[in-house]
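This report describes a complex of protein chains and DNA strands for a reader working at the bench. Please consult the sequence and the structure shown below while reading.

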Protein chains: 2
Amino acid sequence: MELAEITRISVADQVASILRQRILNGELPPGTALQEISTAASLGVSRNTVREATRILSLEGLLKRSAHRGVSVAHLSLKDVAEIYQVRRLLEIPAVLAAKPDSTEVFSELRGSLEGYERAVDEVDWVRAVRFDLQFHTLLIRFLRNRRLESFYQKLIGELRMGMVLVDRKHDDPGGLVPVHRRIYELLTAGELAECARLIAQHLHDSESRLTQIMGQQALQESRK
Amino acid sequence: MELAEITRISVADQVASILRQRILNGELPPGTALQEISTAASLGVSRNTVREATRILSLEGLLKRSAHRGVSVAHLSLKDVAEIYQVRRLLEIPAVLAAKPDSTEVFSELRGSLEGYERAVDEVDWVRAVRFDLQFHTLLIRFLRNRRLESFYQKLIGELRMGMVLVDRKHDDPGGLVPVHRRIYELLTAGELAECARLIAQHLHDSESRLTQIMGQQALQESRK
DNA sequence: ACGTGTCAAGTGCTGAACAATTGAGCAGTC
DNA sequence: GACTGCTCAATTGTTCAGCACTTGACACGT
């Protein structure tokens, strides 16, 4: 099981990436326990390496460590969702207000993200749609030109995505939010930042409500057995 | 009766805490290389444990990893300072605007922090003064009632403190900023949030200018040899 | 049902080993 | 002398085996 590629990144990081991807795609749903030995064996690495990887992911908030009981995929509570959306409002709105037309690279990436999103919606691929949706919003943060904010935001979006993928698997209508992103993009390019900020605030509010509601329903179903 | 509340935290976390403290206190100045073997020996733990600890600290931004060359204490560049202060403005201002009088616990901690700060200034203990100063600001974030924001902010403050301690060792006058904190506290308790927000914006701006200037001078001296 | 004791499984950590990479010193060549 | 390439010790990256300790489940006796 040799990786033919010239690995400039450490094995521990690679393991973390693999697990991260599985978590974010919903392959490892919240609550799943990860045993060190079996994980190490299945990935062909040592226990210590797995340990380093889980260390990384637990600091990212994707895994939860309990002493002597190992790690398991974190659960996204309603409170978590509220926190994350509060941060999103706090960051995305100043971000679009700081948008300058000379950030051509950001705009082009936004366009790509938007198109990917719309294509995914057309093809009824909700997992991919969610990924592009959140990528679009992550790109907005770029307008603040602050790497620390970007990586913080990305971390939060990861947690959120973990929850959303589960939800959107069972709800094929993402809430008629399709045209919103295009409108945001148009307002941005037109320089109507204040209006754009308002729209985003509205969008975030709707998105949160929808997610919260669905999560509430699921929790109800869960407890009813 | 649980008198043995001792090792509830893992050794790796303890090692991380020790190193973190040394870095933040300036015992390990930026650029210092940390060798795994000697660190492990001096702390009486194994190499693997040190590795986990350095993993944590590098994710916190206090250590920098370069492949096969080990870790070293991170350098705070002018760009880093600019980023951190941008975040501070972005978070502290909404935080004080969100302050509600019913957060009695936060207010009492703020008061304690303020008094500790003033006492440290009186005693000309600048390292402690910096710690209380930054603790005061960290407490402001509590008004947002968001654990993720708190821990993110605390992380950034850690990075900043690393730089400030070095600076303030050699500059005994913290810039006549002494009365500002008290004023901020008074405005907060009086409910004059808008005015308080303005003052904080001003204070952050001054603080950044001062730090930037001193760091610039130091960089100049450094390069002149 | 209710403690309680036992036990396998799994984590936390150690110490030793080996492979891979780096940087420095050293040689040789032009 | 500057450049190139070589060797080599030091250090990191990773693996492995093993032991102490915690935990949860199961079985036991009352």
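Which residue is the bridge partner of B:Leu63 in β3(B)? The partner of B:Leu63 is B:Val73. The model is predicted, and the strand pairings, interfaces and DNA surfaces below are computed from it.

**Confidence**

The predictor assigns the complex an ipTM of 0.92 together with a pTM of 0.93. Chain A has a mean pLDDT of 90, with 91% of its residues at 70 or more. Within chain A, residues 1–5 have a pLDDT below 50, and this stretch makes 1 contact in the model beyond near neighbours in sequence.

**Sheet of chain B**

Strand β3 of chain B, residues 70–73, pairs with strand β2 (residues 63–66) in the antiparallel sense over 4 bridges. Strand β1 (residues 33–34) also pairs with β3(B) in the antiparallel sense, over 2 bridges. In this second pairing, B:Ala33 is found opposite B:Ser72 of β3(B).

The side chains of β3(B) alternate along the strand. B:Val71 and B:Val73 are buried and point to one face, whereas B:Gly70 and B:Ser72 point to the other face and are not buried. In general, the side chains of a regular strand alternate between the two faces of the sheet. B:Val73, the bridge partner of B:Leu63, therefore belongs to the buried face of this pattern under the criterion of 20 or more other C-beta atoms within 10 Å.

The hairpin of β2(B) and β3(B) has 3 residues between the strands. In this hairpin, B:His68 takes a positive phi near 65 degrees.

**Sheet and domains of chain A**

In chain A, 3 strands form an open antiparallel sheet in the order β1-β3-β2. Strands β1 (33–34) and β2 (63–66) stand at the edges; each has a single partner strand, so one side of each lacks a neighbour in the sheet. The pairing of β2(A) with strand β3 (residues 70–73) is antiparallel and runs over 4 bridges. A:Val73 of β3(A) is the bridge partner of A:Leu63.

Chain A is divided into domain 1, covering 11–73, and domain 2, covering 78–223. The C-alpha centres of these two domains of chain A are 27 Å apart. Across the boundary, 9 residues of domain 1 are in contact with 9 residues of domain 2. On the domain 1 side, the touching residues comprise 5 nonpolar, 3 polar and 1 charged.

**Contact between the protein chains**

Between the chains, 18 residues of chain A are in contact with 18 residues of chain B. On the chain A side, α3 (47–60), α4 (78–97) and α7 (147–170) each supply at least two residues. The largest share of that side, 6 residues, comes from α3(A). By class, the chain A side has 8 nonpolar, 3 polar and 7 charged residues.

A:Leu59 lies in helix α3 of chain A. Beyond its neighbours within four places in sequence, A:Leu59 is in contact with B:Ile56 and B:Leu59. Is A:Leu59 buried or partly exposed? A:Leu59 counts as partly exposed because 15 C-beta neighbours lie inside 10 Å. A:Leu59 and A:Lys155 are separated by 96 residues in sequence, while their C-alpha atoms are 9.8 Å apart in space.

**Surfaces near the DNA**

Both protein chains contribute to the surface near DNA strand C: α2 (36–43) of chain A, with α1 (11–24) and α3 (47–60) of chain B, are the elements that give two or more residues. The closest of the residues around strand C are A:Gly70, B:Ser10, B:Val11, B:Val45 and B:Thr49.

Near DNA strand D, at least two residues are supplied by each of α1 (11–24) and α3 of chain A and α2 (36–43) and α3 of chain B. The largest share, 3 residues, comes from α3(B). A:Ser10, A:Val11, A:Ser46, A:Thr49 and B:Gly70 come nearest to strand D.

The table gives the composition of each surface by class.

| Surface | Nonpolar | Polar | Charged |
|---|---|---|---|
| Near DNA strand C | 6 residues | 8 residues | 3 residues |
| Near DNA strand D | 6 residues | 9 residues | 5 residues |

In total, 17 residues surround DNA strand C, and 20 residues lie around DNA strand D.

Key:
Residues numbered from 1 in each chain as written. Chains lettered and ligands numbered in written order. Predicted model: local features only at pLDDT ≥ 70, side-chain atom pairs only at ≥ 80, totals over all residues. Domains from an automatic or database assignment. Contact = placed C-beta atoms within 7 Å. Nonpolar A, V, L, I, M, F, W, Y, C, P; charged D, E, K, R; others polar. Buried ≥ 20, exposed ≤ 12 C-beta atoms within 10 Å, placed from the backbone. Pairing = 2+ DSSP bridges. Near = placed C-beta within 6 Å. pLDDT = per-residue confidence, 0-100.
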